[in-house]
Amino acid sequence: MKNATRPLRRVLFAAAIAATLALPASPALADNEPVAVLFHNMAEPFFVFMNRELLDEARKLKVKVNVVDGQASSPKQSADVSNALTQGVSGIVIAPTDAKAMVPAINEILSENIPVVTVDRRVDGAKKPIPHVGADNVAGGRKMAQWVVQNFPEGARIVFLTGQPGSSSAIDRAKGIHEALAAAGPKYKIVAEQTANWARDQGLTVTQNILTSLTGNPPQVIISANDDMALGAVEAIQSAGLGKQGIKVLGYDASPDALKKVRDGEMAATVEQSPGRQIRTALQVLVANIRNRTEIKTVAIEPILITRTNIAEAARAGELK
């Protein structure tokens with residue numbers, strides 16, 4: 001009797017194995033999922049660095065990322081979204097060029113029930129809230145203004161170089177700066193405010209024009225909403241022969257070029273917003289949702305004001321030579 005049951009056990013075991021193989025793979029064990037990553041503008045050093053961090057994290061998570069350059073154009077980035085959906089993706093990470101102009105494209109993603117998370121820049125007004133991973137840019141702007149107040153207790157004349165119009169990061173940084181300066185009182189006066197569209201060459205040209213208009217009464221501080229524009233402002237100050245005037249320049253991004261200027265005393269400060277941590281976190285939470293249906297939650301990263309005294313806290317301080 002004992003021996004007679006053996007063939008039956010073999011049949012039942014084989015059937016169990018076959019049934020197991022016929023089951024769909026567990027989401028937790030899947031890999032190589034296609035993920036579209038749509039950056040605002042790969043011509044900006046910030047996104048070049050972010051892309052390097054992304055590719056490293058994608059290798060660790062074993063996902064297939066398709067990186068697309070939006071070229072600072074909302075129409076192109078909207079087309080990039082449609083292309084990604086047509087090609088078929090498991091999820092999308094996007095740094096939207098414009099907080100409002102990208103809403104229809106984001107709604108298209110939502111209509112397809114594709115998980116999406118914004119990074120660095122958010123969208124405003126989509127048909128449901130979109131989870132966002134990024135620095136608290138209002139807090140970052142506030143810290144820049146507070147540095148001015150602390151270092152110029154008697155007041156200051158300030159030039160403010162703003163970011164690309166419509167960008168949520170530009171909007172938020174400006175909000176933090178304006179609120180903090182207003183709270184400090186009228187002795188902190190913005191004497192010129194103009195966009196230089198995140199670009200170094202425009203930062204140079206715009207600052208040159210502003211300094212010319214202020215001949216004889218230059219500003220004491222130039223606050224720039226990113227490092228590229230700040231570096232252009234530093235060059236403009238030097239070319240105008242105002243290097244000895246002690247005009248303080250503040251940037252935002254803590255790029256290696258800006259960190260060198262801070263270290264060497266040519267810039268007063270820059271703001272670390274941890275782009276590597278931003279993109280790695282965004283990809284991690286998206287992949288967790290794809291594989292395990294884990295809820296994607298918004299993650300706010302506290303920025304750090306970097307000066308000569310704490311330059312070692314910058315994420316890219318190790319790149320200084």
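Helices and strands here are DSSP runs, numbered from the N terminus. Keep in mind that the model is predicted.

**Exercise 1. Find the loop that holds Q71, then do the same for R293.**

Let's start with Q71. The flanking elements are β2 (64-69) and α3 (74-87), and Q71 sits in the loop between them. Now look at its backbone: phi of Q71 is near 55 degrees, a positive value in a residue other than glycine.

On to R293. This one belongs to the loop between α10 (275-292) and β11 (299-301). Its phi is near 60 degrees, again positive and again in a residue other than glycine.

**Exercise 2. Describe how α7 and α8 pack, and work out the class of their angle.**

Step one is geometry. A packed pair of helices is described by the angle and the distance between the axes. For helix α7 (residues 200-213) and α8, the axes come within 7 Å and cross at roughly 45 degrees.

Step two is the class. Angles under 35 degrees count as roughly parallel and 65 to 115 as roughly perpendicular; α7 and α8 are therefore oblique to each other. As for handedness, their crossing is right-handed.

Step three is the contact. On the α7 side you'll find R200, G203, L204, T207, Q208 and L211, and they meet residues of α8 including D228, M229, L231 and G232. Sorted by class, this contact has seven nonpolar, five polar and three charged residues.

**Exercise 3. Now treat α5 and α6 in the same way.**

Axes go first: helix α5 (residues 137-151) and α6 come within 7 Å and cross at roughly 35 degrees. α5 passes α6 in a right-handed crossing.

Next, the residues. N137, V138, G141, R142, M144, A145 and V149 are the α5 side, and among their partners in α6 are S169, D172, R173 and K175. The class count for this contact is eight nonpolar, four polar and five charged residues.

**Exercise 4. Locate the largest cavity and say what lines it.**

First, how many are there to choose from? The structure holds one cavity of 30 Å³ or more. The volume of the largest cavity is about 180 Å³.

Then walk around the lining. It takes in 18 residues, with E44, F46, N226, D253 and Q273 nearest the centre. Elements that give two or more residues to this lining are α2 (45-61), α6 (168-184) and α8 (227-239). The largest share, four residues, comes from α2.

Finally, sort the lining by class: six nonpolar, four polar and eight charged.

Definitions and conventions
Residues numbered from 1 in each chain as written. Predicted model: local features only at pLDDT ≥ 70, side-chain atom pairs only at ≥ 80, totals over all residues. Heavy atoms only, no water. 1 Å grid on protein atoms, 1.4 Å probe; cavity = no way out; pocket = protein on both sides within 12 Å on 5 of 7 lines; lining within 4 Å. Points joined across faces, edges and corners; volume = space filled by probe spheres on them. Nonpolar A, V, L, I, M, F, W, Y, C, P; charged D, E, K, R; others polar. Axes fitted to C-alpha atoms, helices over the stretch in contact; angles between N-to-C directions. Parallel < 35°, antiparallel > 145°, perpendicular 65-115°, else oblique. Left-handed = near helix turned anticlockwise from the far one by under 90°. Contact = heavy atoms within 4.5 Å.
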